[in-house]
Each structure stands twice: as structure tokens, then as C-alpha cells.
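Got the model loaded in your viewer? Keep the selection box handy and we'll walk through it stop by stop.

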Amino acid sequence: MTCWNLHTVKYLIAILFILFGTNCYDTNPVAIKGIIDFNGFFTQSIISLNGEWEFYHNQRIDQLEPNSKFYVQMPSLWNNDPGFVGDGFGVYQLKLINVPKVPLALHIPEMYSSYNVYANERLIAKSGQVGKSKEETIPSFDRNVVGLQTENQEIRLSIEVANFHFPRGGIPSSLRIGEYSAIKAYREKGIAESVFLSGAAFMLGLYHLIAYLIFRKDKPFLFFGIFCLNLSLRPLLINEQYLVEIFPSISWIYWQKIEFLNFLALLPFFYHFIRVSYSKEPQSIFSKSLNVIFISFAILVVFSDPIIFANIPVPVYILIGAAVFDLTLLLIKQIKLGDKGAKVVFLFFIFLAIIVLIEILIERNILRGFDFIEVPGFIIFLISQAYVLSLHTEKLRVEKNQADLEILNEKRRNLRLELSFSTERERILSDLHDHLGAKLTDLSIRIESLKPNQTLTEADIGFLKMDVKNCFQSFRDTIYDNDDFRIMTEDFMYGLQLNLTRRYARTKRELRFETNEHTRIQLQKIDNEELKRNLYAITVEIATNDLKYGSNATYWNFDLDENGLNVKMDVDSNFKNSGEFSIGTRSIQRRLESLNARWTENNENNHYTIHFFIPIPNLRN
């Protein structure tokens with residue numbers, strides 16, 4: 001593990017401690033057998049009323065039977081402790097002794113799913129309507145802060161809870177007591193944190209959706225933006241549930257639907273964000289199944305009651321585990337491929353997985369006395385993802401600049417190609433003038449030499465046919481050369497081979513042309529049009545000499561190595577005097593010299609061989 005990764009792990013562990021530190025309050029004093037003693041402990045500003053509370057199942061406060069009480073650990077869901085069904089009602093009681101005579105207040109959390117709170121048998125807070133049946137009970141979301149009268153040093157808290165609309169019943173979070181100003185500040189701080197976290201997630205989401213509009217094909221921005229916007233609702237729906245205060249007219253059932261739909265949307269968008277960021281493969285069976293399952297769950301939430309759809313989290317937790325496993329394998333694969341961004345994502349992904357696990361344990365009332373840490377954990381993860389996506393954006397910018405540079409280079413190549421075409425057109429016109437023009441002039445002179453009423457002999461007619469044929473052949477050769485040049489711009493070696501093949505076939509000579517795929521590809525990549533034009537001209541002129549003085553089959557070989565191009569031509573010669581059959585034309589020599597080429601030739605025993613080497617720099621790159 002690199003030094004950077006070790007530091008990152010240390011930071012993540014520190015963040016976990018900070019999250020727990022900001023959500024854990026010293027539970028001393030702890031309630032024992034339904035009594036909590038504040039003697040000497042009330043130096044803290046806020047105390048969680050955790051520990052053993054008395055619980056009377058299916059009883060109302062005015063009908064308590066002392067012999068039927070249970071002692072349960074607070075926070076308490078009676079499904080878990082003592083283990084009753086979710087439907088029902090009951091009374092939680094706690095006796096506070098040695099209470100200081102200072103202005104106190106009680107922070108009351110959400111309960112499942114209606115409650116009445118009494119202090120010394122005086123009703124101080126309520127949420128919904130507590131009843132003995134589903135018809136009598138009205139569920140409601142309410143978190144209250146109420147003052148406590150402290151004339152006496154003893155306070156008996158009694159809480160009636162009724163639940164017939166939710167799978168779990170009881171008090172899922174801790175009640176807290178403290179000085180009135182501290183409790184009020186605690187409540188306001190919770191709302192401020194929720195609004196801040198919501199705003200942070202919303203701005204991240206909006207930013208990345210705008211980024212997606214700019215980089216249309218980059219789906220990570222789309223999924224990340226939607227995920228952040230969905231997450232921005234989460235802080236306002238849990239903890240202090242500030243949205244419930246803003247929109248009090250919305251019923252408890254609809255708030256439950258909104259909260260569960262928000263919860264369900266988190267995993268699919270997060271999963272697809274990670275997958276499209278680090279995999280270009282088509283959707284897997286698991287990915288497609290995930291979409292179908294969550295759409296089905298969403299339909300169930302919309303068309304059923306909370307008593308049914310509130311059981312969805314259990315199978316969702318299983319899917320979360322499967323998704324974590326799948327994404328872990330994907331990220332490890334990317335790390336092995338050398339993706340630096342994947343290392344950052346993987347570390348924070350494991351951090352987030354731990355946060356989600358803790359969240360599940362809190363929600364199932366296995367971990368007690370903690371507030372939800374899901375959203376702060378997500379925000380920390382989102383910041384890490386924003387960093388990674390910023391690297392991705394920089395990569396896109398570099399790729400865009402490279403693409404723009406490639407377009408510019410392509411334009412430059414096209415201009416050079418157009419210049420080459422222009423030069424070639426001038427050469428063709430020159431050839432037409434030099435070759436076809438001369439032959440047309442000969443033909444014109446021969447025709448003008450004929451006298452009126454002159455009878456043409458067979459020899460005269462033969463000369464005229466030969467002149468006309470030579471004119472057409474010269475014109476045809478010029479056109480073919482132009483076509484070959486066009487082909488050579490796309491595949492130089494193929495165009496050169498085509499040109500030589502046609503020339504030798506016209507004279508019924510055999511051509512053996514050899515090269516290799518490496519030479520074809522690498523020579524085409526060489527961005528030196530002057531070199532290619534000279535090579536073409538040298539090859540054609542040598543071939544012309546061969547067709548004039550050589551005989552039988554001709555062997556041509558082109559081989560490109562890391563230093564340059566080797567060209568060899570081998571043929572039988574009809575001439576004993578090597579001077580009559582030689583590379584020695586000054587034009588070919590000048591072209592080879594301009595390319596800093598080295599050449600050798602040999603003409604012995606009626607056999608001619610020429611070999612030349614053209615150095616080409618930067619081939620190793």
C-alpha cells in the first residue's frame with residue numbers, strides 16, 4: 001500500500017470517529033430498573049435517557065398493572081425487546097430523581113407511530129392520536145421540544161405509544177434532556193445541519209447535471225447528478241424531518257411513501273454511476289435485474305400501505321450487499337489496470353459501505369443511542385467523487401484538446417495533400433506537354449506532309465496508326481499515373497505496387513514485388529510527402545530503365561527497419577556494357593542524394609542488381 005493510501009485510510013478512520021463523536025452523547029447516568037439518578041451527573045448540557053425503562057404492553061396509562069411490566073433497553077422497538085408483534089400499544093415509564101432545579105427541556109424523537117408524553121401525569125406533548133385499535137389510532141410525524149417543570153427533584157416520564165400502521169412499534173431513537181437553551185440549540189443545530197447537507201448535495205447534483213449537458217456522452221455525470229439530487233432530500237426526511245414542518249398538511253402515509261421512494265432510488269443510481277464510470281461493458285444480468293426489482297418495489301410503495309411496503313428494507317439490504325460485492329470486484333479490476341482514480345473511489349467506497357452497515361444496524365435498533373450518520377457519510381463520499389469526476393473532467397478536456405489538435409493536424413495534412421495534388425497536376429500537364437505534345441506534333445507533321453490526292457501506301461498508314469497509338473498510350477499512362485498517386489495517398493505501398501504491376505504487365509514482363517505488413521503500415525504513418533514523392537519517382541525511373549534494358553522476371557523488395565527503408569531490385573540484363581544499363585541518370589542520383597541515401601549497383605554476367613537505403617529518423621517513436 002502506498003504512503004498516500006495509508007494517509008487516506010487514517011483520514012477515513014478519523015472521519016468515522018468524528019461522525020460517531022458528533023452523534024454520540026455520554027449516556028451517563030444510565031437508567032437502571034426504570035430509574036435514572038442525576039445526582040452529580042448534570043454537569044453535561046445534554047443527556048440521553050438510555051438504559052432500562054419500564055414497559056407495559058397493550059396497556060394505557062390509566063390502566064397500568066404493575067405486575068405485567070417488562071424492563072427494556074431504550075431506544076426500544078417492542079418487536080425486538082421484549083419481542084411482540086408490531087401492531088399494538090403500550091406505555092414506557094422512567095423515573096428521574098435528583099433533578100436539578102434549572103429550566104429543563106425534553107427533546108422527543110419520532111415514534112412508531114403515535115404517542116402521548118406525560119410528565120408527572122401531566123400531558124406535555126403528543127403526536128397523532130393514540131388508540132387501542134387501527135380505527136382509533138392516527139399516525140403522525142412529530143419531533144417535539146417541550147419544557148419541564150422542576151419544582152420537585154423527581155419527574156416520572158410516561159409515554160404512551162400506539163402503532164397499527166407500521167411493521168415496527170416503539171421508540172427507535174433516544175429521548176434527550178438538558179437545559180432548555182441547550183436542547184433548543186441542539187434542535188436548531190440539527191435543522192441547520194440537515195439544510196446544509198441537503199444544499200451541498202443539491203449543488204453537487206445540479207453542477208454535474210450541467211456538466212452532463214456539456215459532455216453529452218459522459219453518463220457518469222448524469223447518474224451522479226441524479227443521485228445527488230435524490231440524496232439532497234434525505235437529510236430533510238430523516239433526523240429532524242424538517243420537510244414535515246414545512247409541509248404539515250401532507251399526511252403521514254404520503255410522507256412514508258416519499259421517504260421510502262427516496263430510499264429506494266439511492267442504490268440504483270449510485271450503482272449505475274460507479275459501473276458506467278469504470279466499465280464500458282454492456283449491462284450485466286445483475287444490473288438489469290436491479291432495475292427491474294427496484295421499479296417493482298417503487299410500484300409497491302406507490303400502491304400499498306406502509307404496513308406492507310415498510311418491510312422492503314430487508315430485501316434491499318441483501319441487494320445492497322450484492323451490489324457492494326459486484327462493485328468491489330469492478331474497482332479492484334480497475335486498480336490492477338492502473339486507474340489512479342479507482343484507488344480513491346475504492347477507499348471511499350469501503351468507507352461508505354461501513355457507513356451504510358452502521359446505518360442498517362441503527363435503523364434495525366441493533367445499535368442504540370446513535371443518530372443517523374448516513375447523510376454525512378454520503379456527503380463525504382460525494383466530495384471524494386466530485387474530486388474524481390474533476391479528474392475525469394480534466395481528462396475529457398485534455399482529450400478534447402487532443403482531438404482539436406488532431407483535427408488541426410488533419411487540416412494541415414489535407415493542405416499538404418492538396419499542395420501535392422496541385423504539384424502532381426502540374427507534373428501531369430508537364431508530362432502531357434512533353435510526351436503527348438511531342439507525339440501529337442509528330443502526328444501533325446506527318447499529316448501535313450501528305451499532299452492532296454496522294455495515294456497512301458501501307459507504310460504511310462502504318463506510321464499514322466503507330467503515331468495515333470503512341471498518342472493514346474502516352475495519354476493513358478499519364479491518367480494511370482494520376483490514379484496511382486491518389487491511391488498512394490491512402491496506401492503508399494499498395495499504390496506503388498499497382499503502378500509497377502501495370503507497367504510491367506504492359507510489356508508482358510513478370511514482376512515479383514515483395515514487402516511486409518509492418519513496412520506497409522509504418523511507411524503510411526510517415527508524414528513526409530517529399531520523401532514519398534522522391535521514392536516514387538526513383539522507383540518509376542529505375543523501372544523504366546529496366547523495361548528498356550532488362551529481360552525476364554524482375555524482383556523488387558521493400559523492407560522498413562528501425563533505421564530506414566531498404567530497397568532492392570534484381571533483374572537479368574541484355575547489355576554487357578554496364579554503363580548502358582545503370583542508375584547513372586543524374587536525376588535519380590540527385591533525388592537519392594537529397595534523401596541522404598546510400599546506394600550500390602552491380603551489373604555482371606548479364607545480371608543487374610541495385611540496392612539503396614534511405615535513412616528515416618524517429619522511426620523508433
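Start by selecting P75, which sits in the loop between β4 (70-74) and β5 (76-77); helices (H or I, at least four residues) and strands (E, at least two) are DSSP runs, numbered from the N terminus. The bond joining M74 and P75 is a cis peptide, with omega about 5°. Before going on: this is a predicted model, where local features need pLDDT of at least 70 and side-chain atom pairs count only at pLDDT 80 or more, while totals for chains, interfaces and linings use all residues. Residues are numbered from 1 along each chain as its sequence is written, and side-chain values use heavy atoms, with hydrogens and water left out.

Next, pick Y112 and S113. The peptide bond between them is cis too, with omega near -5°, and S113 is in the loop between β7 (104-108) and β8 (114-119). Most peptide bonds are trans, and most residues other than glycine have a negative phi.

On that second point, try K33, a non-glycine residue with a positive phi near 50°. You'll find K33 in the loop between α1 (3-23) and β1 (35-37). K33 is partly exposed at 47% relative accessibility (buried means under 20% relative accessible area, exposed over 50%, partly exposed in between; 1.4 Å probe, protein chains only). Then jump to K508, where phi is positive at about 60°. K508 lies in the loop between α13 (492-506) and β14 (511-514) and is exposed, at 80% relative accessibility.

Now go back to Y112 and add F141, F166 and W252: these four form one aromatic cluster. What geometry does the F166 and W252 pair have? The whole structure holds 13 aromatic pairs (rings of Phe, Tyr and Trp, its six-membered ring, with centres within 6.5 Å; planes under 30 degrees apart are stacked, over 60 edge-to-face, the rest tilted). F166 and W252 are edge-to-face, 6.3 Å centre to centre with 75° between the planes. F166 is in the loop between β11 (155-163) and β12 (170-171) and W252 is in helix α6 (residues 252-278), so the pair ties together parts 86 residues apart in sequence. F166 is buried at 3% relative accessibility, and W252 is buried at 6%.

Follow that with F224 and F273, a tilted pair at 4.8 Å centre to centre and 40° between the planes. F224 lies in helix α3 (residues 219-231) and F273 in helix α6, so this pair links parts 49 residues apart in sequence. Both rings belong to buried residues.

While you're on this stretch, select 258-278. An unreviewed UniProt entry lists that span among its transmembrane regions; the annotations may be inferred rather than shown by experiment, feature names are shortened, and positions are in the numbering used here. The span is 100% helix and 0% strand, with end C-alpha atoms 31 Å apart. Residues 195-214, also on that record's list, are 100% helix and 0% strand, with end C-alpha atoms 29 Å apart.

Move on to T519 in helix α14 (residues 517-525). Is T519 buried or exposed? T519 is buried, with a relative accessible area of 0%. Its side chain reaches the backbone nitrogen of L560 at 3.0 Å. Beyond four places in sequence, T519 contacts F558, D559, L560 and L565 (contact means heavy atoms within 4.5 Å).

Last stop: colour by pLDDT, the predictor's confidence in each residue, from 0 to 100. The average is 80, and 76% of the residues score at least 70. Residues 1-27 stay under 50, and so do residues 576-584. Where pLDDT is low, the predicted coordinates should not be read in detail.

Conventions: A polar contact is a pair of N or O atoms within 3.5 Å; within protein, one must be able to donate a hydrogen and the other to accept it, and residues adjacent in sequence count only if both atoms are side-chain atoms.
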